[in-house]
Amino acid sequence: MGLFEFFGYLSALIIGVSLGLIGGGGSILAVPVLAYLFSINEKAATAYSLFIVGFSALVGGIKQHFKGLVDWRTAIVFGIPAIIGVTLIRYFVIPVLPNILLSFSGFIFTRRMAMFGLFALLMIPAAFSMLKNGKEKIITGKVKYNYPLILIEGLIVGAITGMIGAGGGFLIIPALVILANVEMKVAVATSLIIIAFKSLMGFFLGDALTMEIDWPFLMVFTGLSFVGIFIGSYLSNFINGEKLKKGFGYFIIAMAIFIFYMEFFL
């Protein structure tokens with residue numbers, strides 16, 4: 001095992017620890033870890049990330065379900081269009097994207113630059129969602145569904161997830177609060193179920209049918225993340241997760257800058 005691989009597997013454990021400690025966000029590191037420490041191409045890195053993100057969110061979502069915080073009707077209403085969006089992208093779009101998307105004046109814009117560039121761009125609002133003070137919107141009314149907007153939002157979030165291989169919780173949670181009048185704690189818990197199902201369905205109905213999957217590697221990486229989740233959950237009894245969340249937000253911004261530099265300037 002080389003040095004980069006060692007740090008890659010260590011990062012898988014750290015991703016899980018961060019999920020256990022702060023309840024989310026850690027899986028956004030899966031794509032850069034897979035791409036830069038294991039030298040996995042952009043198609044496989046985003047595909048594997050969907051699998052890792054999906055199962056990590058499923059663990060968190062099940063924990064929230066037993067706390068009574070998951071709104072399953074909302075998860076289904078929002079989740080179905082999201083599943084359709086991510087599956088269409090992973091099955092029909094990603095396999096046919098050419099390696100070179102366009103070139104002009106000697107500059108070549110590749111598929112990798114598009115996918116990782118979009119990923120890095122969306123890491124910024126994800127980071128800011130961790131940095132802001134969590135003032136919850138107080139919901140006193142009944143949950144209401146703006147079905148047309150939920151359908152559009154679900155398709156968009158699913159498509160973005162399909163392109164970048166990340167869960168998109170920072171997009172889903174505000175949508176549930178604004179479009180369905182869901183209480184913040186319930187929105188956070190429900191978003192985990194939505195992320196889990198759309199990510200896993202996108203992987204199994206898209207990538208697993210269109211590319212060769214290195215299952216032994218993927219299971220080891222995901223297994224280490226799972227171990228990390230339980231370690232992080234234990235450590236959360238002694239460590240303030242909210243303080244760590246802000247530090248992690250700044251780290252994600254630094255990672256976004258690093259990805260831009262690696263893809264567009266190096």
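**Two exposed serines, a helix pair and a pocket**

Ser-105 is exposed in this predicted model, since its relative accessible area comes to 82% and anything over 50% counts as exposed. The residue sits in the loop that links strand S1 (100–104) to strand S2 (107–110). Its backbone is worth a look too: phi of Ser-105 is near 50 degrees, a positive value in a residue that isn't glycine.

A second serine has a positive phi as well. For Ser-39, phi is near 55 degrees, again in a residue other than glycine. Ser-39 belongs to the loop between H2 and helix H3 (42–66), and with a relative accessible area of 64% Ser-39 is exposed.

Turning to helix packing, helix H5 (residues 111–131) and H10 pack with their axes 8 Å apart, at an angle of about 160 degrees. That angle makes H5 roughly antiparallel to H10, because the cut-off for that label is over 145 degrees. The crossing of H5 past H10 is left-handed. Sorted by class, the contact of H5 with H10 has 20 nonpolar, two polar and four charged residues.

H10 turns up again around the second largest pocket, which holds about 250 Å³ of space. Its lining is made up of 15 residues, and the closest to the pocket centre are Ile-14, Ser-18, Leu-29, Phe-248 and Phe-251. Helix H1 (3–22), helix H2 (30–37) and helix H10 (241–265) are the elements that give two or more residues to this lining. H1 gives the most, with seven residues. As for chemistry, the lining of the second largest pocket has 13 nonpolar and two polar residues, and no charged ones.

Notes: Residues numbered from 1 in each chain as written. Predicted model: local features only at pLDDT ≥ 70, side-chain atom pairs only at ≥ 80, totals over all residues. Heavy atoms only, no water. 1 Å grid on protein atoms, 1.4 Å probe; cavity = no way out; pocket = protein on both sides within 12 Å on 5 of 7 lines; lining within 4 Å. Points joined across faces, edges and corners; volume = space filled by probe spheres on them. Helix = DSSP H or I, 4+ residues; strand = E, 2+ residues; numbered from the N terminus. Nonpolar A, V, L, I, M, F, W, Y, C, P; charged D, E, K, R; others polar. Axes fitted to C-alpha atoms, helices over the stretch in contact; angles between N-to-C directions. Parallel < 35°, antiparallel > 145°, perpendicular 65-115°, else oblique. Left-handed = near helix turned anticlockwise from the far one by under 90°. Buried < 20%, exposed > 50% of the residue type's maximum accessible area, 1.4 Å probe, protein only.
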